[in-house]
Amino acid sequence: MKSSPFSLDRLNRVWINGVLIALAVLFLAPLIYIFLNSFKAADEIFLVPQSILPLNWTLENYAAALSGGFVGYFTNSVVITVGGVALTVILSSLAGYGFAKLPFRGVNFILLVIVATLTVPLVIFLVPMFLMENAVGLLDTNLGLILPNVAVSLPFAILIMRASFGAIPQEIEESAVMDGAGVMRRWWTIMLPMARNGMVLVVIMTTYSIWGEYTMAKTLAMDPGAMPLSVGLTLLKGEVWQYGVLAAVIVLAVLPPVVIFIIFQRHIVAGVAQGAVKG
């Protein structure tokens, strides 16, 4: 007897695909709307009924955005994000390797403390951070925002890298030891390339976290010249909201995280799967 073309498995796949498509449309619709509005003149945005596509495509909104303080805020965000991500990847990979392959007394207690820090609300640290940075002169500086972001991102990044290194067979580590490789050489030449999926996952998650961070940036950067994009956007309003310019600013602001995701998307699932082998 021939099986029905509309089998239960096929119906399930169709239903799941339909749900995924509906969710994709739901999440992408606002972004597409903002993207198209960024190419509309101000009077066209308020037309009733409003057209989906711009009637007259224009780059005036992007020119206005780039002529304001956007470039300075954007540059600060790039410096803070790149510096924070680089420092987080280096420190988390070193710590993760130590926890996974170099067991020592008290390792479980230290890991428990690291996990416990993830449960503490960020707002509790704001006043101590402000007082410490004010004492050492790091307020209104890029370094003053890089270090707190690294401190917040590091615990979870360490857990990811520990799981990634832990998934590597111990025999590889033992073979390197027998060949006379030191700790740093084993970490750099052997273990780190094998844990690249975990590093990519840390890069993506840390980039998203630092690029869009607002609370610490608002507290520690009061000078407009030191503000990142997440805080500086609130100063681009002017006397009235210019919705076309705002749409252009939003498009430019979300572009770097989107590019990072497109570049590294094939490593995300692999990194999650590798980190899930051992926890």
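**Rings, a salt bridge and a helix crossing**

Phe39 counts as buried, because its relative accessibility is 14% and the cut-off for that label is under 20%. The structure here is a predicted model, and the ring of Phe39 makes a handy way into it. Its partner is Trp57: the two form a tilted aromatic pair, with 5.4 Å from centre to centre and 50° between the planes. The two residues sit 18 apart in the chain, Phe39 in the loop between helix H1 (8-37) and helix H2 (42-45), and Trp57 in the loop between H2 and helix H3 (60-67). Unlike Phe39, which is buried, Trp57 comes out as exposed, since its relative accessibility is 53%.

Another pair brings together Phe46 and Tyr243, this time edge-to-face, at 5.7 Å centre to centre and with 75° between the planes. Phe46 belongs to the loop between H2 and H3 while Tyr243 is part of helix H13 (residues 243-277), so this contact ties together parts that are 197 residues apart in sequence. As for solvent, Phe46 is exposed, with a relative accessible area of 55%, and Tyr243 is partly exposed at 43% relative accessibility. Across the whole structure, the search turns up nine aromatic pairs. Ring pairs also join Phe35, Phe39, Trp57 and Tyr62 into a cluster.

Charged contacts make a shorter story: the salt-bridge count is one. The partners are Arg186 and Glu173, whose closest N and O atoms are 2.8 Å apart. The bridge runs between helix H9 (residues 183-194), home of Arg186, and helix H8 (residues 170-178), home of Glu173, with the two positions 13 residues apart in sequence numbering. Both ends fall under the 20% cut-off for buried: Arg186 is buried at 7% relative accessibility, and Glu173 is buried at 3%.

On to helix packing. Helix H4 (residues 70-101) and helix H7 (residues 142-166) have axes that come within 6 Å and cross at roughly 35°. The crossing of H4 with H7 is right-handed. Sorting the residues of this contact by type gives 17 nonpolar, eleven polar and two charged.

Finally, the annotation. An unreviewed UniProt entry lists "transmembrane region" for residues 14-36, 78-97, 109-131, 143-161, 194-211 and 240-264. In the model, residues 14-36 are 100% helix and 0% strand, and the C-alpha atoms at the ends of that span lie 31 Å apart. For residues 109-131, the figures are 78% helix and 0% strand, with the end C-alpha atoms 29 Å apart.

Conventions: Residues are numbered from 1 along each chain as its sequence is written. This is a predicted model: local features need pLDDT of at least 70, side-chain atom pairs count only at pLDDT 80 or more; totals for chains, interfaces and linings use all residues. Side-chain values use heavy atoms; hydrogens and water are left out. Axes are lines fitted to C-alpha atoms, for helices over the stretch in contact, and angles run from 0 to 180 degrees between N-to-C directions. Helices (H or I, at least four residues) and strands (E, at least two) are DSSP runs, numbered from the N terminus. A crossing is left-handed if the near helix is turned anticlockwise from the far one by less than a right angle, and right-handed if clockwise. Ala, Val, Leu, Ile, Met, Phe, Trp, Tyr, Cys and Pro count as nonpolar, Asp, Glu, Lys and Arg as charged, and the others, Gly among them, as polar. UniProt positions are given in the numbering used here, feature names are shortened, and annotations may be inferred rather than shown by experiment. A salt bridge is a side-chain nitrogen of Lys or Arg within 4 Å of a carboxyl oxygen of Asp or Glu. Buried means under 20% relative accessible area, exposed over 50%, partly exposed in between (1.4 Å probe, protein chains only). Rings of Phe, Tyr and Trp (its six-membered ring) pair if their centres lie within 6.5 Å; planes under 30 degrees apart count as stacked, over 60 as edge-to-face and the rest as tilted.
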